[in-house]
Amino acid sequence: MPPPKDVVKIAIQMVGAIPQLIELQQTKPLASVLKDVCDAWSLPNAERYALQYADGRQTYITESNRRDIKNGSILRLTTSPDQEAERLYNGIQSKNVDVKTDSLKKLASLSQDITFAQEFISRNGLKQIYSIVEEGNDTGEMLAHTLKAFTELMEHDFVSWENLSTVFIKKIVSYVNMNAVDASIQQLSLSVLENMVPTSRLLFELVKKEVTLDRLLTHLQATNAELQLKAMALLIALLLSATDAERQDMMDYLREKNLRQFIHKNIIHSSEPLRDEMAHYLYVLQSVSLNLCEHRMRTSMDPYSQEQRDLLQSLRQTAFELESEVPAGSFSTERRRSLCAKEFRKLGFMNNSNPAEDLRRAPPGLLALDNMVYFSRNTPNAYSRFVLENSSREDKHECPFARSSIQLTLILCEILHIGEPCSETAQAFYPMFFGQDHFFEELFCICIQLVNKTWKEMRATQEDFDKVMQVVREQITRTLSLKPTSLELFKTRVNALNYSEILKLRQTERLHQEETLAVPVLELREKLKPELLELIRQQRLLHLCEGTLFRKISSRRRQDKLWYCRLSPNHKVLHYGDVEEGVQSPPIESLPEKIPVADMKMLLVGKECPHTKEKSSGKQNKDVLELAFSIVHDMEEYCLNFIAPTRYEFCLWTDGLNVLLGKEMTSERTQTDLDVLLSMELKLRLLDLENISIPDNPPPVPKPPSNLNFFYDFSQAEQ
């Protein structure tokens with residue numbers, strides 16, 4: 001008979017003593033439990049002791065987290081958090097170097113525990129850490145332990161970063177700026193500054209002033225991958241905390257210093273595989289850079305701005321240079337106005353008498369004008385060829401350059417997510433972005449020529465404008481999905497994907513759809529579904545058995561702490577626990593925490609999860625909501641919270657957990673996988689019917705014959 005829900009069977013260890021096997025009554029006060037344990041070992045002063053997990057992070061057991069204890073857990077009797085905090089508080093002030101070093105090392109380890117951290121901070125322990133750093137007498141291992149302990153203590157948000165003294169901050173900055181400092185100390189110092197920057201404007205300005213971009217670039221060029229990562233993290237934190245004007249200045253300076261070329265050559269195309277954290281930072285850097293276009297994208301053209309009018313006129317003058325060289329006195333004002341209107345019409349403006357009206361729509365706003373001017377100035381031959389070639393066509397077949405440019409700019413903004421906030425978890429960046437200066441403008445130059453090429457291939461008229469732009473959007477998105485490494489490769493591939501290829505792809509997809517909609521085929525699909533759904537269930541459970549690496553994300557920043565979760569091979573227990581960076585697939589024995597599948601009550605996703613309710617609402621958390629899920633266990637009182645690394649992992653894990661709970665798989669990935677498997681199975685089954693049309697209705701059964709006297713009498717044949 002299983003034990004009651006409020007009783008767990010556990011083992012308690014103590015150095016030099018035989019372990020105790022007890023049944024822990026969860027309703028019994030923890031102080032009473034400790035008293036019983038101490039009495040069994042004849043230990044006085046039970047209030048000086050506490051229980052903590054023997055494995056993993058060795059968290060202290062408190063009244064608030066005792067319900068997390070599972071059957072079979074191994075606990076250890078140890079010094080209580082307040083006693084340990086007092087001992088370490090005195091230890092870090094010791095004159096004995098060995099005692100001080102050991103105390104700081106232990107402090108760095110225990111500070112991850114919130115109960116201990118609270119006790120240590122309440123003794124004004126952070127003040128002692130400040131003193132160790134500010135005095136600057138300790139270096140090497142001792143300083144590394146000090147900075148590690150400080151980072152862990154501040155992680156609990158008991159103390160505001162704004163309370164830090166200027167002396168302390170400048171000392172941390174000095175470790176970043178000095179050359180003759182151990183790399184581990186520089187990494188920790190960069191991490192401290194990265195945490196500090198988003199918390200207040202004052203701290204941002206101080207760090208930005210003290211740690212120059214040149215110094216960060218020096219660290220980025222280091223061969224130490226961890227130092228490189230921390231430097232990139234601080235750079236991204238500074239960019240995200242800056243105002244629009246500051247961000248623009250910083251990006252301009254980084255462009256001058258060839259950061260893009262360095263990233264493209266030494267990080268993206270490095271011999272070492274790109275880490276997830278660095279991929280995320282490159283995505284953010286790409287997003288921040290592209291979002292510099294947002295202001296122009298959302299700004300309508302001002303017809304009274306001389307600068308904007310000059311840019312507009314430059315388009316006309318570059319395209320019709322010879323015609324514009326006619327002396328001003330040769331034509332009357334009306335004649336010149338008529339000539340300008342005619343030229344603007346040839347340029348493809350809808351409102352040729354007042355072309356500024358075409359650019360009043362925002363988005364794409366002035367960004368479309370910037371792109372057209374860039375195209376005309378940087379590729380004048382291609383620009384002139386585009387305009388003049390279409391000027392000579394019949395009116396109904398000319399491709400309108402301006403109208404196409406405005407719509408294309410809008411399409412590119414949507415595809416590249418310009419104006420959207422950075423995701424907290426995304427890692428999808430375009431390698432070719434870092435391979436080209438003026439990426440957005442150069443991409444526009446390639447795509448506007450693609451518009452003209454596709455227009456001719458479709459033999460389009462003005463009425464077909466929307467159809468052409470839909471084809472162009474498809475050409476761009478299909479090519480970008482291949483992740484070309486350079487704009488040259490993008491140009492080659494997108495031009496190879498001509499209109500006839502798009503038609504073939506569409507026809508293949510349409511034929512496949514029509515083929516699978518025949519009534520007999522639909523009936524066969526329904527018969528195959530249960531078998532294939534079972535195959536998908538098995539795959540989901542197999543994925544859970546392999547396990548996944550998850551990241552812990554706080555409301556303040558993207559965390560670099562990792563934990564791993566996997567299902568036992570017999571599908572009865574979920575094992576999980578913290579792991580170090582670089583661990584790919586830890587053995588199931590190294591994961592100390594576990595949840596029996598039988599104790600799982602329900603699965604929560606998105607906004608229903610408790611850890612998403614704690615986070616501040618806003619656009620920046622939209623991606624987190626889409627990746628969040630929680631397992632409710634133990635009488636719906638406790639949850640194990642997840643943030644999936646990708647949407648793919650979210651689908652596989654939520655499906656797998658639903659299978660364990662005996663529920664239907666509901667993710668969009670299930671339907672996609674089912675469609676793929678059904679398609680493959682149907683093609684195999686219908687292979688012999690190729691080029692034979694399948695009727696919607698079965699053929700009629702013929703009437704029975706008038707008599708059945710048509711059998712062959714073998715007995716007569718033998719005679």
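Student: Which residue of β11 is the bridge partner of Val632?

Tutor: In this predicted model, Val632 has Cys639 of β11 as its bridge partner.

Student: How do you know that β10 and β11 count as paired strands?

Tutor: Pairing takes at least two bridges between the strands. β10 (residues 628-633) and β11 have 6 bridges, so they pass, and they run in the antiparallel sense.

Student: What is the strand order in that sheet, and what is the pairing?

Tutor: The order is β9-β10-β11, an open sheet of 3 strands with antiparallel pairing.

Student: Why are β9 and β11 said to stand at the edges?

Tutor: Each of them, β9 (600-605) and β11 (638-643), has a single partner strand, so one side of each has no neighbour in the sheet. From one strand to the next, the twist averages 20°.

Student: Which helix packs on this sheet?

Tutor: That's α29 (residues 647-660), which touches β9, β10 and β11. Its direction makes about 155° with that of β9.

Student: Now the other sheet: what is its strand order?

Tutor: It goes β2-β1-β4-β3, an open sheet of 4 strands with mixed pairing. Here β2 (20-25) and β3 (49-53) are the edge strands, since each has a single partner and so one side left without a neighbour in the sheet. The twist in this one averages 40° from one strand to the next.

Student: What makes β1 and β4 a pair?

Tutor: The cut-off is at least two bridges, and 3 bridges join β1 (residues 7-13) to β4 (residues 74-79), so they qualify. These two strands run parallel. You can find Ala11 opposite Ile74 in β4.

Student: Which strands does α1 touch?

Tutor: Helix α1 (residues 30-40) packs on the sheet and touches β1, β2, β3 and β4. Its direction makes about 100° with that of β3.

Student: Let's turn to helix pairs. Why are α2 and α4 called oblique to each other?

Tutor: The axes of α2 (residues 81-91) and α4 (residues 114-122) cross at roughly 50°, coming within 8 Å. Under 35 degrees would be roughly parallel, and 65 to 115 roughly perpendicular. An angle of roughly 50° falls in neither range, so the pair is oblique. The crossing is right-handed.

Student: Which residues make that contact?

Tutor: From α2 there are Pro81, Asp82, Glu84, Ala85, Leu88 and Tyr89, and from α4 Thr115, Phe116, Glu119 and Phe120. They divide into 6 nonpolar, 1 polar and 3 charged.

Student: Why is α2 oblique to α3 as well?

Tutor: The axes of α2 and α3 (residues 97-110) cross at roughly 140°. Roughly antiparallel needs an angle over 145, and roughly perpendicular ends at 115. Roughly 140° lies between those limits, so α2 is oblique to α3. This crossing is left-handed.

Student: How many residues of this contact are charged?

Tutor: There are 4 charged ones, along with 4 nonpolar and 2 polar. The contact takes in Glu84, Arg87, Leu88 and Gly91 of α2, and on the α3 side Val99, Lys100, Ser103, Lys106, Leu107 and Leu110.

Student: And how do you know that the protein departs from a compact globule?

Tutor: A compact globule of 719 residues would have a radius of gyration near 27 Å, but this protein has 34 Å. The C-alpha trace spans about 115 × 105 × 40 Å along its principal axes.

Student: How many helices and strands are there in the protein?

Tutor: The secondary structure comes to 31 helices and 11 strands.

Note on methods
Residues are numbered from 1 along each chain as its sequence is written. This is a predicted model: local features need pLDDT of at least 70, side-chain atom pairs count only at pLDDT 80 or more; totals for chains, interfaces and linings use all residues. Side-chain values use heavy atoms; hydrogens and water are left out. Axes are lines fitted to C-alpha atoms, for helices over the stretch in contact, and angles run from 0 to 180 degrees between N-to-C directions. Contact means heavy atoms within 4.5 Å. A crossing is left-handed if the near helix is turned anticlockwise from the far one by less than a right angle, and right-handed if clockwise. Ala, Val, Leu, Ile, Met, Phe, Trp, Tyr, Cys and Pro count as nonpolar, Asp, Glu, Lys and Arg as charged, and the others, Gly among them, as polar. The radius of gyration is taken over C-alpha atoms; the globule rule is 2.2 Å times the number of residues to the power 0.38.
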